[in-house]
Amino acid sequence: MNNIKAYVQENKERFLNELIDLLKIPSVSADSAYSHDVIATADAVKKSLKKAGCDFVELCETPGYPIVYGEKILDNSLPTVLVYGHYDVQPPDPMELWTSPPFEPVIKTTEIHPEGAIFARGACDDKGQMYMHVKAFEYMIANDCLPCNVKFMIEGEEEVGSKSLSWFVERNQEKLANDVILISDTGMISNQQPSITTGLRGLSYVEVEVTGPNRDLHSGLYGGAVANPINVLTKMIASLHDENNHITIPGFYDNVEELSLEERAEMAKAPFSLENYKKALDIEDIYGEKGYTTNERNSIRPTLDVNGIWGGYTGEGAKTVIASKAFAKISMRLVPNQDWEVITELFKNHFENIAPKSVKVKVTPHHGGQGYVTPIDSIGYQAANKAYTETFGVPAIPVRSGGSIPIVSLFEKELKSKTILMGFGLDSDAIHSPNEHFGVFNYLKGIETIPLFYKYFVELSTQ
C-alpha cells in the first residue's frame, strides 16, 4: 500500500467529480416527493460498487427504500469487513440560509478548509464519507492489495430511523456475517488531530399535540377565559428542566452511567477551546446541565431539546386568535444503559400527567435507538488507531460523540460484532444545517486512511 498517496493524487479530480455527481441527486428520505431521487441514488451507489470491483452487487428490497449490498469474497478463511453507510440525506430547509443551492455542489475555500470544501446537502452526512469507502476499495482492487473479504451495506433510511434496515439485518444474518463493522458517519477533532468515536448517544424522538377548544377562537371574546394551547404547551415544555438544567421527568436518570473522575479526566485531554467554540457559534456564553463541562454535556450526559414548535397564525400581518391546537417535536439524546423505549414511555406518562384539565394531550413516538460504547482494547480499534497514526502522524484520541447512530447497537445484537467508527468530518461541517460541507482534505485523507485499516486489521487478527 506504499502507493496509496500517489493513487489518491492521480485520481483526485475524478474522485471529486464522482462525489459531486452523487450529491446532485436530492435523496431526501423524509419527504415522499423525493422518492424517485432516493431510488436513483441507490442505483448510482450500486453502479459505483460494481465499477469499483465488487463481484456481486444488488438492490435488496425492503418495506421501505432498498439497501445496496455488495461483496468481494476472496477466501472464506480470511477476515470479513462489513462497511455500513447511508445514501439518504436530511431535508435542505431552510433554503434561504444556503449560500449556494443544496443540490448544486460547489467547492469553496474556507478558513478551516484552505484546500476547499464541497458545499452540498449530504456532503459530509453521509454521501462523502460513505463514498470514501468505495474509492478506498477501488484502490485496493486496482492495486491487488485487498487483504480480506469485504461486504457493503448502504441504506436509504438512516435519516428517518432505519426501520427497514432493522428488518433487513434480522432476516439476513448469514449474508451479513463479518468480523468487524466499519462506519464513517462521525467526525474527528481536527485536521491535525484524528479521533475515534468510542461512544454514541441513543435517541428518543416524539411529537406532542395539545388541544384546547374545538376551533380557533377570537382572542378578544375568549381570551383569559379559555386555555390557550400554545401558552399551555410552552409552560409544559419549560417545566421539563429545572433551574440547573436537569431533566425533571421522574425516572429519567435511573440508568444513566456516571463516569468516574479518572474517565472524565481522560476525556478532558482532547484539545478544546471554549472561546473558539463560542466564536464559531456566535454566542456570548454556553448553557447546559450544572456540574459538567461543554464536552461532557454533549457526549456523556442525556439531553432533552425541542426541535420544532408551532401553532396558531404565523402568516404575514395579524390575526387575533386562540389556536385550537399547538404542536412540538422533541428529541431526547440518551446515554448507554438508558433504554429508548422506556424513556419514551416515561416522557409520555409525565407529559400527559402535567397537562391541566383544560387541554387534551397526545404524545406520538416517532423513532429511537440505543446508545453504544466500543472498547478501545479491541483489534478493530487498534487497527483504526494505527491507520490514523500512519496518515496523520499522531495517534487518534478516543472520544464519545453526542450524536446517535441507533443501528450500531442493533448490529451488535443481531450480528454479534463490534463497530469501529472512523469519522473524517469536523464539527464545523454543518451537517443537518444549511451550508453543509465536507473538506477536500478530509475526503481524500479518508480514502488514504481506510485501506490501512484493512491492512492492520488483518495483521492483528492473524497474530
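A residue is called buried when its relative accessible area is under 20%, and that cut-off is needed for the first stop of this tour through a predicted model.

Begin by selecting strand 9, residues 202–211, and then show the rest of the structure around the strand. Nine of the 10 residues of strand 9 are buried, so this strand is largely enclosed by the rest of the structure.

Next, add strand 13, residues 325–334, to the selection, and follow how strand 9 and strand 13 pair in the antiparallel sense over 10 bridges. To see one place along this pairing, pick out Glu207, which stands opposite Lys329 in strand 13.

Now select strand 14, residues 360–369, which runs antiparallel to strand 9 and is joined to it by nine bridges. Here the residue to label is Val210, whose bridge partner in strand 14 is Val361. While looking at these strands, keep in mind that in a regular strand the side chains alternate between the two faces of the sheet.

Leave the strands and turn to a pair of helices. Two packed helices are described by the angle between their axes and the distance between the axes. Select helix 5, residues 163–171, together with helix 13, residues 407–415, whose axes come within 10 Å and cross at roughly 15°. Because angles under 35 degrees count as roughly parallel, helix 5 is roughly parallel to helix 13. The crossing of these two helices is right-handed.

Finally, show the side chains where the helices meet: Leu165, Ser166, Val169 and Glu170 in helix 5 are in contact with Ile407, Leu410, Phe411, Glu414 and Leu415 in helix 13. Sorted by class, this contact has six nonpolar residues, one polar residue and two charged residues.

Technical notes
Residues are numbered from 1 along each chain as its sequence is written. This is a predicted model: local features need pLDDT of at least 70, side-chain atom pairs count only at pLDDT 80 or more; totals for chains, interfaces and linings use all residues. Side-chain values use heavy atoms; hydrogens and water are left out. Buried means under 20% relative accessible area, exposed over 50%, partly exposed in between (1.4 Å probe, protein chains only). Helices (H or I, at least four residues) and strands (E, at least two) are DSSP runs, numbered from the N terminus. Two strands pair if DSSP finds at least two bridges between them. Axes are lines fitted to C-alpha atoms, for helices over the stretch in contact, and angles run from 0 to 180 degrees between N-to-C directions. Angles under 35 degrees count as roughly parallel, over 145 as roughly antiparallel, 65 to 115 as roughly perpendicular and the rest as oblique. A crossing is left-handed if the near helix is turned anticlockwise from the far one by less than a right angle, and right-handed if clockwise. Contact means heavy atoms within 4.5 Å. Ala, Val, Leu, Ile, Met, Phe, Trp, Tyr, Cys and Pro count as nonpolar, Asp, Glu, Lys and Arg as charged, and the others, Gly among them, as polar.
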